[in-house]
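Let's take a friendly walk through this model together, one stretch at a time. Please keep the viewer open as you read.

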Amino acid sequence: MTSSNRSAKVEELLKALREEKGFVSGERLGEKLGLTRASVWKMIRKLKEEGYTITSKPKMGYALIKEPEALNGLAIKEGLKCALFAKKVHIVEEVDSTNTWAFREALKGAEEGEVFLAETQTKGKGRLGRTWFSPLKKNVYMSLVLRPKLPPRKVPLLGLFASLAVAEVFKYSYGLNPLLKWPNDVLVNGKKICGILTEAFGEAEVVAFVVLGIGINVNVKREELPLELRGIATSLNEELGHEISRNELVKKVLEAFEPLYLGLTSQREKELLERYRNYCPMDGSEVLVEEFGQVVEGIVEGIDEEGALVLRTSQGQRKIFAGDVKVKRWASF
Ligand code: BTN
């Protein structure tokens with residue numbers, strides 16, 4: 001698969017490296033491609049940033065050791081234990097945002113459970129109008145089309161339960177100790193590793209469809225993160241110390257989320273909310289919540305049956321339905 005971000009020369013360089021069985025000098029590569037050794041070196045650096053493992057040795061040159069794993073629909077579907085999700089898996093190299101793409105397709109009739117994945121996003125969307133950092137081939141950018149028979153007020157629960165699915169995968173498949181920060185941030189060692197964006201379409205009383213977007217930092221390394229994220233974000237690779245197969249991870253997340261989704265649509269949300277609360281130790285914590293441009297300060301009393309955050313404020317009890325939470329003091333630590 002070629003990358004639309006990559007120049008034809010970088011493609012040629014990659015082809016040349018693949019053809020060589022061992023080391024090849026920068027000079028020889030330069031001659032072959034009509035480039036200076038400095039340009040070869042720059043392109044090698046670009047490939048390394050994309051996840052190619054290329055070693056270099058003085059007097060010997062460069063050798064391609066390992067190529068990054070590409071997303072693969074067959075690998076995702078093979079043996080997948082899902083009855084509803086991923087009958088169709090769409091994968092592209094680059095897209096504006098998998099959520100925007102899935103939304104467009106849902107408007108045209110995409111079915112419940114269709115999965116949209118991209119190797120990179122040029123306009124990855126975060127919650128509350130933020131952008132989502134989406135480097136090529138490093139992470140998971142996935143959106144699911146859902147057509148739940150739910151009243152709109154219950155839609156936020158989808159995001160909560162998707163974050164629960166990711167947290168349970170991290171715990172049971174990768175041995176991590178994740179926490180959830182309301183509504184649906186997954187944190188490991190206090191840093192964000194996964195974010196979820198739920199976008200619904202419908203009328204006041206009925207939901208036509210929901211696009212549920214999941215972004216997971218998988219193989220991105222700390223030094224590859226933008227400076228403003230280094231102190232607050234992490235990845236599976238950083239936490240586990242080795243690379244993770246994104247195809248395997250996608251499979252596990254789909255398998256974990258499907259029963260929670262079916263549980264919600266068959267009104268088992270009480271039990272699922274209990275499971276969510278086990279990962280979200282926010283009761284008693286002092287928080288600042290930004291809701292529609294206003295900052296509300298309070299102490300968390302709990303999460304209600306619709307997934308709203310219940311706060312005790314100086315003006316009495318207040319329910320927060322959407323917003324950004326800053327925890328001033330966690331109660332449990
Ligand atoms: C957040 O701000 O925490 C939500 C981040 C959601 C990111 C994912 S990546 C896949 C999907 N496509 C997007 O543009 N956003 C979501």
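The paragraphs below go from helix packing to one loop residue and then to some backbone details.

A few ground rules come first. This is a predicted model, in which local features need pLDDT of at least 70 and side-chain atom pairs count only at pLDDT 80 or more, while totals for chains, interfaces and linings use all residues. Residues are numbered from 1 along each chain as its sequence is written, and side-chain values use heavy atoms, with hydrogens and water left out. Helices (H or I, at least four residues) and strands (E, at least two) are DSSP runs, numbered from the N terminus.

Two packed helices are described by the angle between their axes and the distance between the axes. Here the axes are lines fitted to C-alpha atoms, for helices over the stretch in contact, and angles run from 0 to 180 degrees between N-to-C directions.

Start with helix 6 (residues 155-174) and helix 9 (residues 246-265), which pack at about 135° with axes 8 Å apart. That angle makes helix 6 oblique to helix 9; angles under 35 degrees count as roughly parallel, over 145 as roughly antiparallel, 65 to 115 as roughly perpendicular and the rest as oblique. Among the residues making the contact (heavy atoms within 4.5 Å) are L157, F161 and F170 of helix 6 and K252, F257 and L264 of helix 9. By class, this contact has 17 nonpolar, one polar and one charged residues. In that scheme Ala, Val, Leu, Ile, Met, Phe, Trp, Tyr, Cys and Pro count as nonpolar, Asp, Glu, Lys and Arg as charged, and the others, Gly among them, as polar.

Helix 9 also packs with helix 10, at an angle of about 135° and with the axes 8 Å apart. These two helices are therefore oblique to each other. L260, G263 and L264 of helix 9 meet E269, L272 and R275 of helix 10, a contact with three nonpolar, one polar and two charged residues.

Now look at helix 10 (residues 269-279) by itself: which of its residues are buried? They are E269, L272, L273, Y276 and Y279, where buried means under 20% relative accessible area, exposed over 50% and partly exposed in between (1.4 Å probe, protein chains only). Seen down the axis, the buried residues fall within an arc of 110°, so they line one face of the helix; the arc is that of the directions from the helix axis to the C-beta atoms. On the other side, K270 and N278 are exposed. The buried residues pack against helix 6, strand 6 (179-181), helix 9 and strand 11 (294-303).

Leading into helix 6 is the loop from strand 5 (140-146), and this loop holds L150. L150 counts as buried, at 8% relative accessibility. Leaving aside neighbours within four places in sequence, L150 is in contact with L158, V207, L264 and T265.

The backbone has some points to check too. W182 and P183 are joined by a cis peptide bond, with omega about 0°, and P183 lies in the loop between strand 6 and strand 7 (185-188). K59, although not a glycine, has a positive phi of about 70°; K59 sits in the loop between strand 1 (53-57) and strand 2 (61-66) and is exposed, with a relative accessible area of 88%. N189 is likewise not a glycine and has a positive phi of about 50°.
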